[in-house]
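User: Please take a close look at one part of this structure and describe it in connection with its surroundings. A connected account is preferred to a list.

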Amino acid sequence: MRHQDVDRPELEPGTFLDRYELLSVVARGGMGSVWLARLAGKHGFEKLVAVKTILPYYAADPLFRSMLLDEARIASGIVHPNVAQTIDLGEQDDVLYTVMEWMEGDSLRALLRRFEESGSTLPLGISLRVVADACAGLHAAHEVLGPDGSPAGIVHRDVSPHNILITSGGVSKLIDFGIAKARGRVAEETSPGNIKGKIGYMAPEQAIGAEVDRRADIWGLGATLYHAVAGKPAYGGENQAIALHKLLSHTPAPALDDSVPAPVRAIIAKAMAPEVEARFPTAADMGRAIDDAMRQTRLAPSHADVAAFYAEHMGDAIRKRQRAIEQGLRSAAKRHARDQQSAEESNASVADPSSSVIASSVTVDSENRNRVVFALGIAVFVAIGLIGVIGFRFGSRAREPSASTSPASASAATAATSAPAVAPSLPPSESAPLQSALPATSSGPSAAPVGSRPPRRGPSKPGPRTSKGSDQDVDDGF
Ligand SMILES: Nc1ncnc2c1ncn2[C@@H]1O[C@H](COP(=O)(O)OP(=O)(O)OP(=O)(O)O)[C@@H](O)[C@H]1O
Ligand SMILES: [Mg+2]
């Protein structure tokens, strides 16, 4: 495996690159992967976008990074219906990415491949309309001004069927502005014989690494039209080195079929002129020449015609992509539901760690309430009786030191030994704490006649049970 082929292994559906949630991989190109992603905002706002993540091989090169970021920043200023809008660019955890408007559709390359597989070529009118659209978008980019008002000098450098997307509405848009320039900085990309299959669309001056201007893109448009009309690239084939040699030695591309109308052949020849000065000076000029050719040949399909054609020939690909989008959104919804559920669960236990204890304690209370209340009642009752008996005995002794225990006090003492909450035979000194534990509202043991309602308990000591519950227990029990 070559290092260029290694993508970030940690990128998977559900990964967030800043505000963008990756949903599913759409394609893996030479520079990286294109993801369908979702930008989620507040109040339910969401927007589908395309996120192109750049392979680490490129992203690790500091010069590449700074150039890509610079170029993408400039490209974001291109606003035109025939250019895919660059929305954002960023970097997170070493993942470099650009964000584009999401487009329903596929590349001209994909459409051409369909026809190549069946040994036929794209209808001429469709080819002309698609390239005319690309001319319009490219011209808008070439005309972009920099912050100081002078031309920004944008050159795409990779105009090819790969980078022209035909939308399901029949409108064609250019993608990947600024990427080729940065990529050109990586040595391996510019070494002869390894130009990643783009040799078929590259102007000779660009192939030798010379300075380029917008006319290098004019060559790219001509080469794209050539491929669409001829059914194969002008330069390329299996041996890239030979193709490069032909390109640089200005060997003409194989002649087009006689069935190709003369105006169309003239346009291709002019766009692909080896001398830069002989080409169309601007993409707008080339676009006008194509419009004229469409009129002359009476082949001028509308965007609606292109849309119908595209649907007819790429219907299965459209449906496949649609299914992938739906699947991506469904999986995202499931992930979110799962995350929300586990967040709610952890919130519930983090918010009040004692809540489960309280809950179990309340359960125990209700189960044992009657038993506890009964025991407390007995204990209080016996304690009061015991205090009364002891007080009576001391009182009797004071009056009659030799008097024996009365039957009433004997039975109270017997009751005290069987009471669970009071120690048997409490000595007089130990009765004091019991008394002080009684609420202040109590009038004391002497005021509580045996058999009367015991005093209300005060707030219970801190513990899992609530004081309210304790009071209620006592009240309910009595
Ligand atoms: N903005 C977008 N919206 C929808 N699909 C897109 C978008 N951009 C790219 N794609 C899809 O991703 C595919 C691959 O694009 P990409 O530019 O990564 O590959 P490439 O042009 O073949 O290679 P490279 O540009 O890396 O040399 C396109 O053919 C298209 O199907
Ligand atoms: Mg591309």
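**The ligand shell and its setting**

Analyst: Helix α8 is followed by Gly231, whose phi is positive, near 85°. The model is a predicted one. The helix that ends before this glycine comprises 17 residues, 214-230, and spans 24 Å from its first C-alpha to its last, close to the 24 Å expected at 1.5 Å a residue. Of its 17 residues, 16 are buried, which leaves α8 mostly covered.

The part to examine closely is the shell around ligand 1. It consists of 19 residues, and the closest of them are Ala27, Gly29, Met31, Ala50 and His162. By class, 11 of the shell residues are nonpolar, 5 are polar and 3 are charged. Both domain 1 (1-102) and domain 2 (105-187 + 194-310) contribute to this shell, and ligand 1 therefore lies between them. Three strands, β2 (20-28), β4 (46-54) and β7 (105-107), each supply at least two residues of the shell. The strands that supply these residues can now be placed in their sheets.

Two of these strands, β2 and β4, belong to an open sheet of 6 strands in the order β1-β2-β3-β4-β6-β5, with antiparallel pairing. The edges of this sheet are formed by β1 (16-17) and β5, each of which pairs on one side only. Strands in a sheet are held together in pairs by backbone hydrogen bonds, in either a parallel or an antiparallel sense.

Strand β2 deserves a detailed view. On one side, 2 bridges join it to β1, and the two strands run antiparallel. In this pairing, Phe16 stands opposite Glu21 in β2. The same two strands, β1 and β2, make a hairpin with 2 residues between them, and in its turn Asp18 has a positive phi of about 50°. As a rule, most residues other than glycine have a negative phi.

On its other side, β2 meets strand β3 (residues 32-40), to which it is joined in the antiparallel sense by 7 bridges. Leu22 stands opposite Ala37 in β3, and the bridge partner of Ala27 in β3 is Val34. Ala27 is also among the closest residues to ligand 1. A hairpin connects this pair too, with 3 residues between β2 and β3.

At the far end of the strand order lies β5, next to β6. The loop between β5 (86-92) and β6 (95-101) contains Asp93. The phi of Asp93 is near 45°, a positive value in a residue other than glycine. Asp93 is exposed, because 9 other C-beta atoms lie within 10 Å.

The third strand that supplies the shell, β7, belongs to another open sheet, which has 3 strands in the order β7-β8-β9 and antiparallel pairing. Here β7 and β9 (172-174) stand at the edges with a single partner strand each, so one side of each has no neighbour in the sheet. Neighbouring strands of this sheet are turned by 30° against each other on average, direction ignored.

The pairing of β7 with β8 rests on 3 bridges, with the two strands running antiparallel. Asp106 has Ile166 as its bridge partner in β8. Ile166 in turn has Ser172 as its bridge partner in β9. These two bridges link Asp106, Ile166 and Ser172 in a row across the sheet. Strand β8 (residues 164-167) and β9 pair in the antiparallel sense over 3 bridges, including one in which Leu165 is matched with Lys173. The hairpin formed by β8 and β9 has 4 residues between the strands, and Gly170 in its turn has a positive phi of about 90°.

Ahead of β8, Arg157 is found in the loop between α4 (124-142) and that strand. The phi of Arg157 is near 75°, again a positive value in a residue other than glycine. Arg157 is buried, because 24 other C-beta atoms lie within 10 Å, whereas Asp93 is exposed.

One further site completes the picture. Ala317 is placed in helix α12 (residues 303-351). It is partly exposed, since 15 other C-beta atoms lie within 10 Å. The C-alpha atoms of Ala317 and Leu111 are separated by 9.9 Å, although the two residues are 206 residues apart along the chain.

Technical notes:
Residues numbered from 1 in each chain as written. Chains lettered and ligands numbered in written order. Predicted model: local features only at pLDDT ≥ 70, side-chain atom pairs only at ≥ 80, totals over all residues. Near = placed C-beta within 6 Å. Nonpolar A, V, L, I, M, F, W, Y, C, P; charged D, E, K, R; others polar. Domains from an automatic or database assignment. Expected span 1.5 Å × (residues − 1). Buried ≥ 20, exposed ≤ 12 C-beta atoms within 10 Å, placed from the backbone. Pairing = 2+ DSSP bridges. Axes fitted to C-alpha atoms, helices over the stretch in contact; angles between N-to-C directions.
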